[in-house]
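This briefing goes through one protein model by topic. Please keep the sequence and the structure open while reading.

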Amino acid sequence: MSTTETREQALVEAAAPVRPIPGDEADSQPKPGVALCLSGGGYRAMLFHVGALWRLNELGWLKKLERVSSVSGGSITAGVLAHHWGELTFDGGDVATNFGSELVDPIRELAGRTVDIAAGLKGAFLRGSIADRVANSYDEHLFDGATLQDIPDDPPRFVFNATNLQSGVLWRFSKKYMWDYRVGKIESPRLRLAVAVAASSAFPPFLSPLTLKLDEGDYVPGTGTDLQQSAYMQRPVLSDGGVYDNLGLETAWKRYQTILVSDGGGHFSAKSRIWTNWPLQAQRVLGVIDGQVRALRKRQVVGGLKANLREGAYWSVWSETADFGLPDPLDCPDDSTKKLAAIPTRLGKTDSLTQSRLINWGYAICDTAMRKHVLTGAPRPAGFPYPEAGV
């Protein structure tokens, strides 16, 4: 490779939103296929992603997915999709005809319940952690004791991402394995799906951390780079996947040529009055750091798509339809969508109208991004999933 080619390759790698890690195939190139990344953002993101999946299903792209990589609130949606994937009825075509009953209904039922407060109070005063309580709530209302071995593998492969606070890198849950590249790999884990989703959505400081209880013998020898030691293997301490990778890109960008990113994440806003006590000041500082990391990764994703490093599209709960330049998007006034985007990141009861509007908004902006950047010429949908609600 010439000096010029080496320099160009270095610039490409520097612009990418993810970096190579040990375990990646040497000189690997993305393969044909579609990966969907679902960000965090509590119930707001969970419902927003339902709308995006609704439109992808109508467009025949749900069945095209090779991988679904998720963090936090996006992992709740991905978990339900994984749990019900085998029940989806495609009837020989590309559109699941029972999408509503298998995905929308159970998620809307959960969104009508408050999980975080009850889990917090019970975790604070009774035996068991807050994250364990959240996992039990997911199991009760969504997963019925299903394990990672009960979900599909390929295709699509579902990857639920958490952050290992001990090693400082991703802990990946899937049917094939659990893996922290520094600590090691556990093949064919029997872990409950609810626990994987709870670890991925254990956003700090209130729902984090979740501690796994494992044996050293569970790991494949030699699969950790430098931390395959009992102190790290027996009790991994996990937090929200968004702490490390707030868009769920790590396990998708490097493997597939077409990347779809649905971003239901929060937005850092200015605040005139800042508390000077240490705990609240620390929370604000962490908010600044998180906001900058989100902004940087978003710029890199959008820049990578514009530079043709990958094909695909990015859309966000904070997007504006006018920015896409599509001549006929669904009517989504910015003042209305910004109110939806500003809903706090919580697992708190959401009224039916707000649920419908968040789903409508995810549906509409996904449609806008897909018809502009991926399926040019595709017909405009007749309207929102819930036309009476609007956005």
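Is Ser-188 buried, partly exposed or exposed? Ser-188 is partly exposed, at a relative accessible area of 43%. The model is predicted, and the points below cover its nonpolar cores, its salt bridges, two residues with their surroundings, and some backbone details.

**Nonpolar cores**

- The largest nonpolar core has 90 residues. Tyr-138, Phe-160, Phe-173 and Trp-315 are the residues with the most contacts inside this core.
- A second core, separate from that one, has 13 residues, among them Ala-35, Leu-249, Ile-259 and Leu-305.
- In soluble globular proteins, nonpolar side chains tend to be buried together.
- With neighbours within four places in sequence set aside, Tyr-138 is in contact with Ile-76, Leu-110, Phe-143 and Leu-347. The contacts of Tyr-138 also include Ala-194, Val-197, Ala-198 and Ser-201.
- Helix α7 spans residues 193-200 and is mostly covered, with eight of its eight residues buried. The buried residues of α7 include Ala-194, Val-197 and Ala-198, which are also contacts of Tyr-138.

**Salt bridges**

- The whole structure holds 13 salt bridges. Side chains of opposite charge can pair when their charged atoms come close.
- Arg-55 and Asp-367 form a salt bridge, with 2.9 Å between the closest N and O atoms. Arg-55 sits in helix α2 (residues 42-58) and Asp-367 in helix α12 (residues 352-373), so that the pair links distant parts of the chain, 312 residues apart.
- Arg-55 has a relative accessible area of 5% and is buried. Asp-367 is buried too, at 0% relative accessibility.
- Arg-55 and Asp-367 belong to a network of salt bridges that also links Glu-58, Asp-328 and Arg-371.
- Arg-346 and Asp-116 meet in a salt bridge through their side chains, at 2.8 Å from N to O. This pair links distant parts of the chain, 230 residues apart: Arg-346 is in the loop between α11 (334-341) and α12, and Asp-116 is in helix α5 (residues 116-125).
- Arg-346 is partly exposed at 34% relative accessibility, whereas Asp-116 is buried at 11%.
- Glu-320 pairs with Lys-338 in a salt bridge whose closest N and O atoms are 3.3 Å apart. Because Glu-320 lies in the loop between β10 (311-316) and α11 while Lys-338 lies in helix α11, the pair ties together parts that are 18 residues apart in sequence.
- Glu-320 counts as partly exposed at 27% relative accessibility, and Lys-338 counts as partly exposed at 23%.

**Trp-361 and its surroundings**

- Trp-361 lies in helix α12. Its relative accessibility is 0%, so Trp-361 counts as buried.
- Leaving out neighbours within four places in sequence, Trp-361 is in contact with nine residues listed here by name: Phe-48, Ser-316, Val-317, Ser-319, Thr-321, Cys-332, Thr-337, Leu-340 and Val-391.
- A polar atom of the Trp-361 side chain lies 2.9 Å from the backbone oxygen of Val-317.
- Between Trp-361 and Ala-341 there are 9.6 Å in space, C-alpha to C-alpha, and the two are 20 residues apart in sequence.

**Gln-149 and its surroundings**

- Gln-149 is placed in the loop between α6 (130-143) and β3 (157-164). Its relative accessible area is 18%, which is under the 20% limit, so Gln-149 is buried.
- The Gln-149 side chain reaches the backbone oxygen of Pro-189 at 2.9 Å.
- Neighbours within four places in sequence aside, Gln-149 is in contact with Lys-175, Ser-188, Pro-189 and Arg-190.

**Backbone details**

- Ser-188, a contact of Gln-149, lies in the loop between β6 (184-187) and α7. Ser-188 is not a glycine, although its phi is positive, at about 45°.
- Ser-72 is another residue other than glycine with a positive phi, near 50°. Ser-72 is in the loop between β2 (65-71) and α3 (73-84), and counts as buried at 4% relative accessibility.
- Pro-155 and Pro-156 are joined by a cis peptide bond with an omega of about -10°. Pro-156 is in the loop between α6 and β3, where Gln-149 also lies.

Conventions. Residues numbered from 1 in each chain as written. Predicted model: local features only at pLDDT ≥ 70, side-chain atom pairs only at ≥ 80, totals over all residues. Heavy atoms only, no water. Core = buried A, V, L, I, M, F, W, Y, C linked by side-chain atoms within 4.5 Å. Buried < 20%, exposed > 50% of the residue type's maximum accessible area, 1.4 Å probe, protein only. Contact = heavy atoms within 4.5 Å. Salt bridge = Lys/Arg side-chain N within 4 Å of Asp/Glu carboxyl O. Helix = DSSP H or I, 4+ residues; strand = E, 2+ residues; numbered from the N terminus. Polar contact = N/O pair within 3.5 Å; in protein donor to acceptor, adjacent residues only side chain to side chain.
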